[in-house]
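Biologist: I would like a close look at a single part of this model, the aromatic residues and the helices around them. Please take the pairs one by one and give the cut-offs as you go.

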Amino acid sequence: MTDVATEAEGTGLVFHPMDQFIVKPLFGEGPVMWYTPTNATLWMLIAVLCVVALFVLGTRGRAVIPSRLQSVAEVFYGFIYKMVEDVTGHDGVKYFPWIMTLFLFIFFSNMLALIPMSFSPTSQIAVTAVLGFGVFFAVTIIGFVKNGTHFLGLFWMKDAPLFLRPIIAVIEVISYFVRPVSHSIRLAGNITAGHAVLKVFAAFAGIALIAPASILAITAIYALEVLVAVIQAYVFTILTCVYLKDALHPAH
């Protein structure tokens, strides 16, 4: 990612708000290869371990009166299950584990990235593109496997006037293939923007004259970023449910 340097005129203050998104090897120096352990892979692993800790260790007792950790796990489970059932219908419930996994990975990746000195995997377009295109290919395959060529009915609006149907079909096809791009860029863009703004205000906190205002701004933006972290996980998940609904019930 392009290194952006910002200098506060007259103060000598120089900071690089985009440096926090640079993928670096965990051990030593040198180029990052596909097999190189990096800060990105480390924090993705930590996110996975958090999911395991919550749903495996936290619920291992399966108590009738749940512990705090089990209660949190049950809230996540009930919330996502209800979303999947409401959006996709009863047919989509069988895909609940997949959608639940997506939500939890994005949620914990976003939340862990708010820890000082951490790294945000979901700020990397390579990560969000794998998630977005993974959803795209999965729902497309599901659509053809379940409906055969009838899946193409998703692009043909029977209720529209006949002369408009080809035009609408072209628009629908274009919008369908744009889905994975918007799905992945939305998540990465929102996370990147929020963290960059935090870094900018954090740098200005070193100037005594404006430090109080900068600290107040950091507090407000940090609270907003917590909300964004949750909302972006929710938005990615509910869009996945909408796309899955189209694959299961393609007819307009």
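Modeller: What follows goes from the aromatic rings to the helices and then to one loop residue. The model is predicted: local features need pLDDT of at least 70, side-chain atom pairs count only at pLDDT 80 or more, and totals for chains, interfaces and linings use all residues. Residues are numbered from 1 along each chain as its sequence is written, and side-chain values use heavy atoms, with hydrogens and water left out.

A pair of aromatic rings is described by the distance of the centres and the angle of the planes. Rings of Phe, Tyr and Trp (its six-membered ring) pair if their centres lie within 6.5 Å; planes under 30 degrees apart count as stacked, over 60 as edge-to-face and the rest as tilted. The structure holds 20 aromatic pairs. One of them joins Trp34 and Tyr35, edge-to-face, at 5.4 Å centre to centre with 85° between the planes. Trp34 and Tyr35 are both exposed (buried means under 20% relative accessible area, exposed over 50%, partly exposed in between, with a 1.4 Å probe and protein chains only).

Tyr176 and Phe177 also form an edge-to-face pair, 5.9 Å centre to centre and with 85° between the planes. Tyr176 is buried, at a relative accessible area of 4%, whereas Phe177 is exposed, at 52%. Both belong to one aromatic cluster, together with Phe133, Phe136, Phe137, Phe144, Phe151 and Phe155.

Now the helices (DSSP runs of H or I, at least four residues, numbered from the N terminus; strands are runs of E, at least two). The axes of helix 5 (residues 165-204) and helix 6 (residues 211-248) come within 9 Å and cross at roughly 170°. Axes are lines fitted to C-alpha atoms, for helices over the stretch in contact, and angles run from 0 to 180 degrees between N-to-C directions. Helix 5 is therefore roughly antiparallel to helix 6 (angles under 35 degrees count as roughly parallel, over 145 as roughly antiparallel, 65 to 115 as roughly perpendicular and the rest as oblique). Their contact has 17 nonpolar, 7 polar and 4 charged residues, where Ala, Val, Leu, Ile, Met, Phe, Trp, Tyr, Cys and Pro count as nonpolar, Asp, Glu, Lys and Arg as charged, and the others, Gly among them, as polar.

Last, Met117 lies in the loop between helix 3 (96-112) and helix 4 (125-147). Its phi is near 75°, a positive value in a residue other than glycine, and Met117 is exposed, with a relative accessible area of 81%.
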